[in-house]
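Hi,

Here's the structure I promised to pass on. Have a look at it first, and then read my notes underneath.

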Amino acid sequence: MYRLKFLLAAAVAAFVGFAAASPPAAAQTVGYADAIKILAQSCGQDINTYCKTANIGNFGIQKCLESNASKISATCKADYVRVYELLQKRHAAQEAVPQLCARDAQQLCGLNTPGSVGFQKKGSLFKCLLKAEPSVGNRCNQAITDAGYR
């Protein structure tokens, strides 16, 4: 079971490598833990059957699933694409939050440049924006939700 979870984590990590240039999110997203659960349920049998010897590194699981696409279950294929898209949307939302929330951060939290604040100040910024949710703009609230910050 541990090996399967580790393999799926590697597969999910491989999906994330493609997520850098995505547009801002506007729909449901998924976190890595949920992605692994979905893929473990949908693709676990396929990975155990066709990818037992696949190398975890260098996208081995992903390459194995792609090379065995004709044999992989329809559920695995559908969830593979769905999880990939949801992870892309989450990553895009995380990238978009500073821009989409800049005005709210300035008006409600007193921060002039939220995109350039350090890690500790980002925590304070998110805490402030979450607390001020009723006053925060719709686009900022949606980005925070899609980014998985609430």
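Below is what turned up, starting with the whole chain and then going into a few spots.

Before anything else, keep in mind that this is a predicted model. The chain has seven helices and zero strands, so if you follow the sequence along, the pattern reads α-α-α-α-α-α-α. Of the 150 residues, 40% are buried. If you take the contacts with a separation of 6 or more, 68% of them involve residues 24 or more positions apart.

Now find helix H4, which covers residues 74-100. Does its length add up? What should 27 residues span at 1.5 Å a residue? The expected span is 39 Å, and the end C-alpha atoms of H4 are 37 Å apart, which agrees. H4 isn't perfectly straight, though: there is a bend of about 30° at Gln 94. A proline, Pro 98, comes within four residues after that.

Next, look at how H4 sits against H7. Two packed helices are described by the angle between their axes and by the distance between those axes. For H4 and H7, the angle is about 145° and the axes are 8 Å apart. Their crossing is left-handed. On the H4 side, the residues involved are Arg 90, Ala 93, Val 97 and Leu 100. They meet Arg 139, Cys 140, Ala 143, Ile 144 and Asp 146 in H7. An α-helix has 3.6 residues a turn, so residues three or four places apart point the same way. Keep that in mind when you look at the numbering of the H4 residues in the contact, Arg 90, Ala 93, Val 97 and Leu 100.

Which residues of H7 are buried? They are Cys 140, Asn 141, Ala 143, Ile 144 and Asp 146. Just past H7 you'll come to Gly 148, which has a positive phi, near 80°.

One last thing to look for is aromatic pairs. How many does a search of the whole structure find? There is one. The partners are Phe 126 and Tyr 149, with 4.5 Å from centre to centre and 35° between the planes, which makes the pair tilted. Phe 126 belongs to helix H6 (residues 119-131), while Tyr 149 is in the segment after helix H7 (138-146), so the pair ties together parts that are 23 residues apart in sequence. Phe 126 is buried, at a relative accessible area of 18%, whereas Tyr 149 is partly exposed, at 30%.

Have fun turning it around!

Cheers

How values were computed: Residues numbered from 1 in each chain as written. Predicted model: local features only at pLDDT ≥ 70, side-chain atom pairs only at ≥ 80, totals over all residues. Heavy atoms only, no water. Phe/Tyr/Trp six-rings, centres within 6.5 Å; stacked < 30°, edge-to-face > 60°. Helix = DSSP H or I, 4+ residues; strand = E, 2+ residues; numbered from the N terminus. Buried < 20%, exposed > 50% of the residue type's maximum accessible area, 1.4 Å probe, protein only. Expected span 1.5 Å × (residues − 1). Bend = angle between axes of the 7 residues up to and from the residue. Axes fitted to C-alpha atoms, helices over the stretch in contact; angles between N-to-C directions. Left-handed = near helix turned anticlockwise from the far one by under 90°. Contact = heavy atoms within 4.5 Å.
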